[in-house]
Every structure is written in C-alpha cells, then in structure tokens.
Amino acid sequence: MNSIQWVEPRPLRQRTVALPFPLDALPTVLRDMAGAISVTTSTDVGMAGTAMLSAVGYCFSGMYRLAGKTDHTEPPILYSIIIAQPSERKSPVMHFIKEPFDTFESKYNKDHREEMYKAQQDIKALEARVKAMEKEDEPDTAAIAKLRVQADNIRNTSPIHIAVDDITPESLVIELSENDSLLMISDEAGMLSNFNGKYNGGVPNLDLFLKAWNGEKYICNRVIRGRSEIPRPYLSVAIAGQPYIWDNMMNDTAFRSSGMLARFIHCFAESDVGHRRYDTAAIPKEVKEKYHSLIHQFLKGKKDWSGEETILNLSRKASDEYISYCNNYIEQEIKQSMCCCQDWGGKFHGLILRIACILHCVDCCSRGVESSEESVAHESI
C-alpha cells in the first residue's frame, strides 16, 4: 500500500518580505526627521515615514489638487494605517510627528484670541440690530437680510482645531463644519469603531469619512441637529494599531464593501523587539527644529490661503511615465497580484498622484516657490 505524502501546510496569514520604506524619496527635512524618529524609538522607519506623509498632506488640503488628466484630479489627502504588535512604540512615533501641529494650534489660538472675541461681539451686535429692526412696524427686510449676510461672512470667531484623536461621527461633522479640514492622528486605530455603529446601535456611519477623502460635498439632515452642509470637507488620517484591529477591519462588511479600506495605505511595521537598546541617539535638536519650523510654515500658509483649489499638472515626462505605468502595469496587476484587493487596486493610480502632489508641494514650499509655478516632475511620480 502506497503511503500518503502530505504537503507542507500553508499558514493562514501568509508571511511576505516587505519592501523597505523609500526614505530617500522624502524631501530633506522630512527624511531627516523620519530617520531620527526611527533611531531614537528603535522602530521601522516606515512607521514614521508613512504617518508623516499623511500629516504633511493635511497642510495642503483644500489648496492644491494634482491632475493626471483634464478630468481626473486628486487632492494631497492620505488615509494611512500602521499595523504593529504591542510594545512597538507606536505612541512616541505618532507624538513626534504630531507635536508641531499641536504647538501651532495652541500658539495661533493664543495669538488670535482678541480677534476671535471681537468677531464674536461683532456678530452679537449685528444680531441685536436685526432683532431691533424686526420689531419695527414696517421692518426693512432688505436691510435685515444685508445684516444677516454680514454676520454670516464673519470668520475666525472660534479657536481653530487641527489634530483630532478619538472622535465620533457626530463630532466630526461639527469639527469639519467649523474647520473645513482636519488631521486625524492617533496611536489607537480602535477609534474607527466609532464609525461602525459603536454608539449608533450597530448602524455604520461612514458617509462623511468617505466623502472627506476627496473633498466631496456633504449634506446631512437630522431631526434634532437640523441640516448640516459642508461644501468641501477634507480629512487626513494617520493612525496606528495592533494586528487584531486590521483583521477586524478586513472582516467588517461595512468597512470593506463601502470602499473604506480601499482608501487606506498600509504600513506593516518590521519588528526589532528583543534586539533594541534604550541608549539610542536622541533626535538632534537641529533636525527637530527644522521639522517644526517647516510644519509651522506650511500651516501658516494654509491659514492665509483664501483662494480656490489650484490644479497642478504633471510635466510631459512625468505624464508619459504615469500613463504608461497605469496602462501597462496597474491595469494588468489588478487581475493578478491585486486580485484579492481589487478595491484597493482600483484606487492605486490615484494614490500615486496624491503622494506626488504632497512631495511636490513640500519641495516647492521648502524652496520658497509657489507650487503651481512648476510642473510636477517625474521624480515625484
């Protein structure tokens, strides 16, 4: 009798060799900071690099979009998630990246308190005039309407919010209504369960999360809160979590079928636990100061921006390479290497434009050049 020869079992979670994060592709200041974070925390540089791209992209949201062709543009918005085991020092990595955003927010709100109080008083004064005019025997409706418009046009009445952490869908509506764009940055990716019905009887509430990925107009009608309309919401996301969170997301019908997961770029961090040292080199003062200064420069430019979104264009060489890559690689691989994640593969070409847009804006602003004055070069692609 012939004996049965069993083949080697295949693990359920296939282990693949991850490509190293392309640190050299980052502009100098970001490259130095991401590398320094990796050294001091003894973590995969991809953790800092991935989260940093999302965070920096926020600085240009609502300002620029990159065109692949005339009727296809992408904003500098990234939804990124870092997957790493417990004790992988996700918290300090995210802290170092987030810190200049927090310091800018605090300083801006402190420096503009008087302006905010004055704006609030101006609105109250206009509202008082409207009430007084409405009590007249023959109210001047045209004048009342004009005063209401003046009140609606007053800006900078409340402290700005840049970075948010644990937030509910309802709070996200309010925050984006007041700030137009936000940076969701957290070392606890479990907060995504807030959008999958955790506080809503199990009913997912992903609409704004999905629309804010591309700045699509959001309209919500609620009996209690009334009508909420956000013309152009943008949300940049940089979150980190443990593998079980990723598994839960993959197995969640709402996240998968809605296209939520397809919007995320992923960093599966390589672990060095067991071989790390505590006495690593701290982030050099000069590296940290340059990073903070650059982020503050970007954020100031964002606050001072008053125009519509500017459409950036690829250089001729970059356009030719991009079109060739889309036609000759991406489209074929969607049916092959991306066959198990076709939803993500379908957005891959747009992801390339988003990252190129971020790199181009950082490069131009770092050199003091208006981003629209130069075409996006093939190096960014």
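User: On a 1 Å grid over the protein atoms alone, a pocket is an open set of points with protein on both sides within 12 Å along at least five of seven lines; lining residues have an atom within 4 Å of a point. Which residues lie nearest the centre of the second largest pocket?

Analyst: The model is predicted: local features need pLDDT of at least 70, side-chain atom pairs count only at pLDDT 80 or more, and totals for chains, interfaces and linings use all residues. Numbering runs from 1 along each chain as its sequence is written, and side-chain values use heavy atoms, leaving out hydrogens and water. The second largest pocket fills about 1000 Å³ (the space of probe spheres set on grid points joined across faces, edges and corners). Its lining has 30 residues, and nearest the centre lie R155, E178, N179, D180 and K303.

User: Which elements give two or more residues to the lining of the second largest pocket?

Analyst: Helices here are DSSP runs (H or I, at least four residues), as are strands (E, at least two), numbered from the N terminus. Two or more lining residues come from each of α5 (141-152), α6 (169-179) and α10 (285-304).

User: Which helix gives the most to the largest nonpolar core?

Analyst: A nonpolar core joins buried (under 20% relative accessible area, 1.4 Å probe, protein chains only) Ala, Val, Leu, Ile, Met, Phe, Trp, Tyr and Cys through side-chain atoms within 4.5 Å. The largest has 69 residues, with I37, M52, V56, F60, I97, F101 and F298 making the most contacts inside it. One helix gives 11 residues, the most: α13 (348-366).

User: Which residues is V56 in contact with, leaving aside neighbours within four places in sequence?

Analyst: Contact means heavy atoms within 4.5 Å. V56 then touches L30, F101, I295, F298, I358 and V362.

User: Which strands are at the edge of the open three-stranded sheet?

Analyst: Strands pair if DSSP finds at least two bridges between them. The order is β2-β1-β10, with mixed pairing. Pairing on one side only marks the edge strands, β2 (72-74) and β10 (310-313).

User: What angle does α13 make with β1?

Analyst: β1 (64-69) pairs with β2 in the antiparallel sense over three bridges. α13 packs on this sheet, touching β1, β2 and β10. Axes are lines fitted to C-alpha atoms (for helices, over the stretch in contact), and angles run from 0 to 180 degrees between N-to-C directions. Against β1, α13 makes about 135 degrees.

User: Which element gives the largest share of the lining of the largest cavity?

Analyst: A cavity is a set of points where a 1.4 Å probe fits but cannot get out. The largest has a volume of about 70 Å³. It is lined by 13 residues, with W213, A262, R263, I265 and L351 nearest its centre. Three lining residues, the largest share, come from α13.

Notes
Buried < 20%, exposed > 50% of the residue type's maximum accessible area, 1.4 Å probe, protein only.
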